[in-house]
Amino acid sequence: MTSEELADLLDEPETHRRIVGHRDVPYALGVTKAPSGAFAFLLRVPDPSGFPKRVTLHGHTVPVIVEGGFRAPVPMRSTS
């Protein structure tokens, strides 16, 4: 799949459910190029254990690169 096709899949709730499941964790999900050269989803989470390494969506198997150490952004306090 192309990067544009994967980016379009990011708009579908089913994509998030298949990758993140029902875990209550902060995460960021995007598209990147895997070491193999294929486009892949990039999932950033606090703890990378237990997440899928690939998902099948619309008949296509897509790699998922999972990176740990993610922290949700904290809104800055207003100084006014």
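**Exercise 1. Find how many salt bridges the structure holds, and name the residues that form them.**

Solution. The structure, which is a predicted model, holds 3 salt bridges. As a starting point, side chains of opposite charge can pair when their charged atoms come close.

Step 1. Begin with Glu-14, whose side chain meets that of Arg-17 in a salt bridge with an N to O distance of 3.2 Å. Both Arg-17 and Glu-14 belong to helix H2, where they stand 3 residues apart, about one turn of the helix.

Step 2. Stay with Glu-14 and turn to Arg-18, since the side chains of Arg-18 and Glu-14 also meet in a salt bridge, here at 2.8 Å from N to O. These two residues of helix H2 are 4 residues apart, and about one helical turn separates them.

Step 3. Go on to Glu-67, which forms a salt bridge with Arg-44, the closest N and O atoms being 3.0 Å apart. This pair links distant parts of the chain, with Glu-67 in strand S4 and Arg-44 in strand S2, 23 residues apart.

**Exercise 2. Decide whether the partners in these salt bridges are buried, partly exposed or exposed, and state which residues are joined into one network.**

Solution. The cut-offs needed here are that a residue is buried under 20% relative accessible area and exposed over 50%, while partly exposed lies in between.

Step 1. In helix H2, Glu-14 has a relative accessible area of 31%, so Glu-14 is partly exposed. Arg-17, at 43%, counts as partly exposed, and Arg-18, at 44%, is partly exposed too.

Step 2. For the pair that links S4 and S2, Glu-67 has a relative accessibility of 35% and is therefore partly exposed, and Arg-44, at 38%, is likewise partly exposed.

Step 3. Looking at shared partners, one finds that salt bridges join Glu-14, Arg-17 and Arg-18 into one network.

**Exercise 3. Work out which residues of helix H2 are buried, how they are arranged around the helix, and what covers them.**

Solution. Step 1. Helix H2 spans residues 13-20, and its buried residues are Thr-15, Ile-19 and Val-20. Seen down the axis of H2, these buried residues fall within an arc of 100 degrees, so they line one face of the helix.

Step 2. The elements that cover the buried residues of H2 include helix H1 (3-9) together with the strands S1 (28-33), S2 (39-44), S3 (54-57) and S4 (60-67).

Step 3. Take Thr-15 as an example, a residue of helix H2 that has a relative accessible area of 0% and is therefore buried. Leaving aside residues up to four places away in sequence, Thr-15 touches Leu-9, Leu-29, Phe-41 and Leu-57.

Step 4. After the helix, H2 is followed by Gly-21, whose phi is positive, near 70 degrees.

**Exercise 4. Describe how strands S1 and S2 run and how many bridges join them, and then examine their hairpin.**

Solution. Step 1. Strands S1 and S2 run antiparallel, and 6 bridges join them. To follow a bridge across the pair, start from Thr-32, whose bridge partner in S2 is Ala-40.

Step 2. Then look at the hairpin of S1 and S2, which has 5 residues between the strands and in which Gly-37 takes a positive phi near 100 degrees.

Methods:
Residues are numbered from 1 along each chain as its sequence is written. This is a predicted model: local features need pLDDT of at least 70, side-chain atom pairs count only at pLDDT 80 or more; totals for chains, interfaces and linings use all residues. Side-chain values use heavy atoms; hydrogens and water are left out. Buried means under 20% relative accessible area, exposed over 50%, partly exposed in between (1.4 Å probe, protein chains only). The arc is that of the directions from the helix axis to the C-beta atoms. Contact means heavy atoms within 4.5 Å. A salt bridge is a side-chain nitrogen of Lys or Arg within 4 Å of a carboxyl oxygen of Asp or Glu. Two strands pair if DSSP finds at least two bridges between them.
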